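Trainee: Please take me through one part of this model closely. I would like the ligand shell first, then whatever packing and backbone detail helps to place it.

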Amino acid sequence: MKILVTGGAGYIGSVTSAELIAAGHQVIVLDSLYQGHAQAVPPEATFIQADLADRSALARLFAEHADIDGIMHFASYTLVGESMQKPLLYLRDNLVYAANLLEFAVEAGVRRFILSSTANLFDEPAKMPIDEHERIVPGSPYGESKFFIERLLHWYERIYGLKYACLRYFNASGDTPGRGEDHDPETHIIPLILQVALGQRPQITIFGDDYPTPDGTCIRDYIHIVDLAQAHILALGALDRLGSRKYNLGNGSGFSVMEVLEMCRKVTGHPIPHVIGPRRAGDPATLIAASDSIRRELGWAPRYPDLESIITSAWAWHRTHPHGYGR
Ligand SMILES: NC(=O)c1ccc[n+]([C@@H]2O[C@H](COP(=O)([O-])OP(=O)(O)OC[C@H]3O[C@@H](n4cnc5c(N)ncnc54)[C@H](O)[C@@H]3O)[C@@H](O)[C@H]2O)c1
């Protein structure tokens, strides 16, 4: 199939583009490089540097590539904390960018759409692990913006027959030999801890060790980006057969911040000093995905379910790319 990947120069989108190409698909990447890196785009992909705000660029893209079979939409503002400071970047811009994309896509006859959604839809889970029946209570303008886009897709299916899948990911993690996590600012725990092992930070701060968990630190569900990429490819391939779907997507097992830190110490051989800071507002004690639906319906299973293989893959990339893609 010919697939348009928005945000394909970013962390998850670039790895998914590479996996799509390895599976025999043709890939067009659209990315503004607001966060991503041109070097992360697979050389076999057609790369269009453009912003989803630029409607004339979208018109040109769909005129030049009239035969796009599906879209994977990764491009987005992605930071929960930033969304609490600048809500309109999320509540307005994330929505407008998706709406621009959908408008031109449907006009061009695109029939399939995969959305990067988020675990931040579930701020007050009634039970753990969190399945697709959980009540949606977005935890931030970021989560709300993804919910808006899920609703947009609902109406685009009803009105235009677009088939879509919303993949609500938990914590994307790990790297591949050629592509890795390089955000500015970096907010994710594994690269932050590995920056200590690389001598780029003196220590790591753990936000709270008095949560109701076995070691007192927060428990999160870490899913390897290759497993995420495979879930996208499976979801795309199943749309015609199964129709639109919403899947929660994680490993299904949680690891505490302290377990992540200990594993980073083991994998890097570095003592990685830490300090305990106060809790961060809005951090729930435990967030774990129930991924039973996607396992059952699509036969998806993580290839990297254990913390050691996730962190080993991340360390391999960060050790060989201490300054990421070279900033
Ligand atoms: N990283 C995670 O743990 C995680 C968890 C849940 C959901 N998600 C979602 O997955 C997607 C990818 O996340 P990521 O961590 O790879 O982020 P990322 O920032 O590495 O990648 C996003 C890419 O989109 C591009 N982009 C942003 N706005 C754009 C615009 N207006 N026009 C064109 N390109 C634009 C950026 O330049 C970047 O390359 C996002 O939608 C994010 O919300 C990520």
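Mentor: The shell around the ligand divides by class into 12 nonpolar, 13 polar and 2 charged residues. Keep in mind that this is a predicted model. In total, 27 residues surround the ligand. Gly 7, Gly 10, Gly 36, Ser 116 and Ala 172 are the closest. Three elements give two or more residues to this shell: helix 1 (11–22), strand 5 (112–118) and strand 7 (171–173). Helix 1 provides the largest share, 3 residues.

Now the domains. Domain 1 covers 2–172 + 222–249. Domain 2 covers 174–220 + 252–320. Taken over C-alpha atoms, the centres of the two domains are 23 Å apart. Their contact takes 33 residues from domain 1 and 29 residues from domain 2. On the side of domain 1 that touches domain 2, at least two residues each come from helix 1, strand 10 (222–224), helix 7 (225–242) and strand 11 (245–249). Helix 7 gives the most to that side, with 9 residues. By class, the side of domain 1 that touches domain 2 has 21 nonpolar, 9 polar and 3 charged residues. Note helix 1 in particular. Helix 1 gives residues to the shell around the ligand, and helix 1 also supplies at least two residues of the side of domain 1 that touches domain 2.

Next, the helix packing. Three pairs are worth going through, built from helix 6, helix 8 and helix 10.

Take helix 6 (residues 189–197) against helix 8. Their axes are 10 Å apart, and the packing angle is about 40°. Angles of 35 to 65 degrees fall outside the parallel and perpendicular ranges, so helix 6 and helix 8 are oblique to each other. The crossing is right-handed. Helix 6 brings Ile 189, Ile 190, Ile 193, Leu 194 and Ala 197 to this contact. Helix 8 answers with Val 257, Val 260, Leu 261, Cys 264 and Thr 268. The contact of helix 6 with helix 8 counts 9 nonpolar residues, 1 polar and no charged.

Move to helix 8 (residues 257–268) and helix 10 (residues 307–320). Their axes come within 10 Å and cross at roughly 55°. That angle makes helix 8 oblique to helix 10. The handedness of this crossing is right-handed. From helix 8, the residues in contact are Glu 259, Val 260, Met 263, Cys 264, Val 267 and Thr 268. From helix 10, they are Leu 307, Glu 308, Ile 311, Thr 312 and Trp 315. The class split for helix 8 with helix 10 is 7 nonpolar, 2 polar and 2 charged residues. Val 260, Cys 264 and Thr 268 meet helix 10, and these residues of helix 8 also take part in the contact with helix 6.

The remaining pair is helix 6 with helix 10. Here the axes come within 10 Å and cross at roughly 55°. Helix 6 and helix 10 are therefore oblique to each other. Their crossing is right-handed. Ile 190, Pro 191 and Leu 194 of helix 6 make the contact with Ile 311, Ala 314, Trp 315 and His 318 of helix 10. By class, the contact of helix 6 with helix 10 has 6 nonpolar residues, 1 polar and no charged. Some residues serve in two contacts. Ile 190 and Leu 194 of helix 6 touch helix 10, and they also touch helix 8. Ile 311 and Trp 315 of helix 10 meet helix 6, and they meet helix 8 as well.

Finish with the backbone. Asp 184 and Pro 185 are joined by a cis peptide bond, with omega about 5°. Pro 185 sits in the loop between strand 7 and helix 6. Strand 7 is one of the elements that give two or more residues to the ligand shell. A cis peptide bond also joins Met 128 and Pro 129, where omega is about -5°. Pro 129 is placed in the loop between strand 5 and helix 5 (141–160). Strand 5, too, gives two or more residues to the shell. Last, check Leu 33. Leu 33 is not a glycine, yet its phi is positive, about 65°. Leu 33 lies in the loop between strand 2 (26–31) and strand 3 (46–49).

Technical notes:
Residues are numbered from 1 along each chain as its sequence is written. This is a predicted model: local features need pLDDT of at least 70, side-chain atom pairs count only at pLDDT 80 or more; totals for chains, interfaces and linings use all residues. Axes are lines fitted to C-alpha atoms, for helices over the stretch in contact, and angles run from 0 to 180 degrees between N-to-C directions. Helices (H or I, at least four residues) and strands (E, at least two) are DSSP runs, numbered from the N terminus. Angles under 35 degrees count as roughly parallel, over 145 as roughly antiparallel, 65 to 115 as roughly perpendicular and the rest as oblique. A crossing is left-handed if the near helix is turned anticlockwise from the far one by less than a right angle, and right-handed if clockwise. Two residues are in contact if their C-beta atoms, placed from the backbone, lie within 7 Å. Ala, Val, Leu, Ile, Met, Phe, Trp, Tyr, Cys and Pro count as nonpolar, Asp, Glu, Lys and Arg as charged, and the others, Gly among them, as polar. A residue is near a molecule or strand if its C-beta atom, placed from the backbone, lies within 6 Å of it. Domain bounds come from an automatic or database domain assignment.
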